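Visitor: Mind walking me through a few side chains here? I'd like the reasoning along with the answers.

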Amino acid sequence: MTVEVGAVVQTRQRVLVTVTGVPAGGAVLEVRRQAWTSDPVFSTTVRGTGGTPLEGDPVVVIDHEAPFGAPVAYSAVWRTAAGVVSTSALSPAVLIEVNYPRISDPITGAHAEMTVETWPTLDVETGTVVLDVHTYAGPAPLVVAGPARAAASQLVVRLDPGQAGGPVALRALLETGRGVLLRAPLPTIKGYLAVTRWAESRITQDPRDPRRRFTLDVRIVSPPEGGTAAAQSTLTDLAAAVPDTLTDIAATWPTLRDIAVAEQRDQDGRGDG
């Protein structure tokens, strides 16, 4: 039986990755993302994989950290019940297309779209910059993730009507105190930032004007640890931990794949929000 990896871009610009065909008793050890056509040595482990082996068929992983505007593909490292480790072929390439830059929580995917008025200076004072996505069949993307001792800089953004999330979502992201993920398309920019201080102001003095400007003091940081974007094939463990809500969900959608498929059908019917 062949182990296959599929990937599809879902609403909120996350990637649903499915690994199918792992033999009984086997497990997925790691799911990796890489730039399409690039050398696999430059691949990156998807959050929530690479630790505890993931069992089940299919194994479903949600990737909230794929770059915008750069084709990527996924592969899986898996083992048989006898302990033989293999790597799958690459999934078909997927491309996340967006209209605006976005700040998001790399663990949960919560986000806010914005117009960037002043980009931060993404230079580092010490240490080696860690490249996440390298070249692909197109313009070379700028992808930056570095040590916490990066040079301080400033990011100024404007939130306009019609952009997803809005001021409420951005405030909630900033108030977590966690590192955030800044991504933008064309040219592809992806960087993890720590926001050390921020201020919010109105664009005009008109109280009916919903636009806001945020000024963020930022530093480049390594991707935050913790959290998981990976999911086992059933909701049993989650339902045991949070019985009231998740038991009802499990009765309607027994597996996380069922939920993902239902959400994709809903997205196809109403468009992306």
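Guide: Sure, and keep in mind this is a predicted model. Let's start with Arg211, which comes out partly exposed at 26% relative accessibility.

Visitor: Which residue does Arg211 meet in a salt bridge?

Guide: Look for a carboxyl oxygen within 4 Å of a side-chain nitrogen. For Arg211 the N to O distance is 2.9 Å. The partner is buried, with a relative accessible area of 12%, and it is Asp209.

Visitor: How many residues apart in sequence are Glu117 and Arg213?

Guide: These two form a salt bridge, with their closest N and O atoms 2.7 Å apart. Glu117 sits in strand β10 (residues 115–118) and Arg213 in strand β15 (residues 212–220), so the pair ties together parts separated in sequence by 96 residues.

Visitor: Which residues are linked with Glu117 and Arg213 in a network of salt bridges?

Guide: Another pair has its closest N and O atoms 2.9 Å apart. One member of that pair is buried, at 19% relative accessible area, because the cut-off for buried is under 20%. The network takes in both members, Arg158 and Asp160.

Visitor: Is Ser43 buried or exposed?

Guide: Ser43 lies in the loop between β3 (27–35) and β4 (44–45). Leaving out residues up to four places away in sequence, Ser43 touches Arg32, Arg33 and Gln34. Its relative accessible area is 13%, so Ser43 is buried.

Visitor: What is the length of the polar contact that joins the side chains of Ser43 and Arg32?

Guide: Arg32 is among the residues Ser43 touches. The polar contact between their side chains is 2.6 Å.

Technical notes. Residues are numbered from 1 along each chain as its sequence is written. This is a predicted model: local features need pLDDT of at least 70, side-chain atom pairs count only at pLDDT 80 or more; totals for chains, interfaces and linings use all residues. Side-chain values use heavy atoms; hydrogens and water are left out. Helices (H or I, at least four residues) and strands (E, at least two) are DSSP runs, numbered from the N terminus. Buried means under 20% relative accessible area, exposed over 50%, partly exposed in between (1.4 Å probe, protein chains only). A polar contact is a pair of N or O atoms within 3.5 Å; within protein, one must be able to donate a hydrogen and the other to accept it, and residues adjacent in sequence count only if both atoms are side-chain atoms. Contact means heavy atoms within 4.5 Å.
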